[in-house]
Amino acid sequence: DVEDEEATREVSKNLDLSTLYMLQVVSKAIDVSLAKELKNLLFGSSLSCFSEEWKIQSFTFNNIPQLKYGIVQKKGGPCGVLAAVQACVLQQLIFADSNTNKDTRCLQPSEVHRTKCLTMAIADILWRAGGNEKAIVALPSGRQQFTPIGKYKADGILETLILHSTTRYEDLIVFLQQNIHQFEIGPCGCILLTVSVILSRSINLVRNDFDVLTNRLIGSHGYCTQELVNLLLTGKAVSNVFNNVIELDSGNGNITILKGITSRSDIGLLSLFEHYDVCQVGCYLKTPRYPIWLVCSESHFSVLFCLEKDLLGDCKTERRFDLYYYDGLANQEEEIRLTVDTTQMCTEDKENDLTPPLEHCIRTKWQGAVIDWNGTEPIL
């Protein structure tokens, strides 16, 4: 008897929690009308398909010891999605527990820990898009769920999806833990997350977020639009990066409404377009809750972050601090650490082509700061 008891205890210790936990997840197959609506929202046409760059991209981590936290991008295109997920992974990695300041050891996670951070990051992105009430996770079934008919071009991914809905955050976490390999190893994790975040928000709400109803989430050359990046960062697919809403009176009683960011975001954004006076990033994105920013430079997104949580609330910390830079597409082989000194003024020539674009982006927040690349070759 005693032996039996021992054995039982062993078994229960090894039981996956999720087998004891009654998951409340409702699953249904995608149908042709939803697949068409998704394609129209993504590409502006149900006859368009995901490019090869998107189809082969998942959230696979870097194996270089100093960059184990980093997600690797194989080819151009979905960098907006990758950078947004990378930023949310860093939020989990650096700031998930209460210690305010970290050393760089937190940037060298074990494989198990970084996968857990990816799970939590995806959960947060989907739950936020679902208004903190619901989420939908789209996963491939390996076979067609409908016969493509009419004005619809099959791409071998959307037609196979099963949509799993949940209204409890705990269920979302457990369900993602069970299926995280679909996102991390793939092959098409990036597409799965994009479809999941749209459906969590709902096609109608995403469409209503746009300034112009005919906008789309993936632009020419397969690049992510600002709407898609905003959906991932804030849960709303608005078209602009300024705060709140701007009403433009175009005469004759016609009012054009331009929608921006409505509250302080967890993750921020700095844009080269602001340096060139093309747009203005509002403080909801420029001063986020965590010192992590997406960097928008030309049509590419990468990530800038600080290990000091109080950077955004303490002017003493803001005098001189380190920012780490990561670009999943750049075949980066070493850590890039920039020291930003706001107590000195850099004499910057706006027309100077030799100033790295990253420095221009940093100075849209810390005007005139002196930036030291600490021996790394500056990225032009």
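A cavity, as the word is used here, is a set of grid points where a 1.4 Å probe fits but cannot get out. Keep that in mind as we walk through this structure, which is a predicted model.

Let's start with the enclosed space. The structure holds one cavity of 30 Å³ or more, and the largest cavity takes in about 80 Å³ of space. Its lining is made up of 13 residues, and Leu82, Ala83, Phe301, Asp327 and Gly328 are the ones nearest its centre. Two elements, helix H5 (79-95) and strand E8 (300-305), each give two or more residues to this lining. By character, the lining of the largest cavity splits into seven nonpolar residues, five polar and one charged.

Now for a space that is open. The largest pocket holds about 340 Å³. You'll find 19 residues lining the pocket, with Thr225, Gln226, Phe273, Cys296 and Phe301 nearest its centre. Phe301 should ring a bell: it is also among the residues nearest the centre of the largest cavity. The pocket lining comes out as 10 nonpolar residues, eight polar and one charged.

Gln226 is a handy stepping stone, as helix H10 covers residues 226-234. Which helix packs against H10 at an angle of about 70°? That's helix H8 (residues 189-201), and the axes of the two helices are 11 Å apart. Angles of 65 to 115 degrees count as roughly perpendicular, so H8 is roughly perpendicular to H10. On the H8 side, the contact is made by Leu193, Thr194, Val197, Ile198 and Arg201, while H10 brings Leu228, Leu231 and Leu232. Sort the residues of this contact and you get six nonpolar, one polar and one charged.

H10 has another partner, H6. The axes of H6 and H10 come within 7 Å and cross at roughly 100°, so these two helices are roughly perpendicular to each other as well. Here Ile125, Arg128 and Ala129 in H6 meet Leu231, Leu232, Leu233 and Thr234 in H10. Leu231 and Leu232 of H10 turned up in the contact with H8 too. The H6 contact divides into five nonpolar residues, one polar and one charged.

Finally, take a look along H6 itself. This helix spans residues 111-129, which makes 19 residues. From its first C-alpha to its last, H6 reaches 27 Å, close to the 27 Å expected at 1.5 Å a residue. What follows H6? After the helix comes Gly131, whose phi is positive, near 65°.

Notes. Residues numbered from 1 in each chain as written. Predicted model: local features only at pLDDT ≥ 70, side-chain atom pairs only at ≥ 80, totals over all residues. Heavy atoms only, no water. Helix = DSSP H or I, 4+ residues; strand = E, 2+ residues; numbered from the N terminus. Expected span 1.5 Å × (residues − 1). Axes fitted to C-alpha atoms, helices over the stretch in contact; angles between N-to-C directions. Parallel < 35°, antiparallel > 145°, perpendicular 65-115°, else oblique. Contact = heavy atoms within 4.5 Å. Nonpolar A, V, L, I, M, F, W, Y, C, P; charged D, E, K, R; others polar. 1 Å grid on protein atoms, 1.4 Å probe; cavity = no way out; pocket = protein on both sides within 12 Å on 5 of 7 lines; lining within 4 Å. Points joined across faces, edges and corners; volume = space filled by probe spheres on them.
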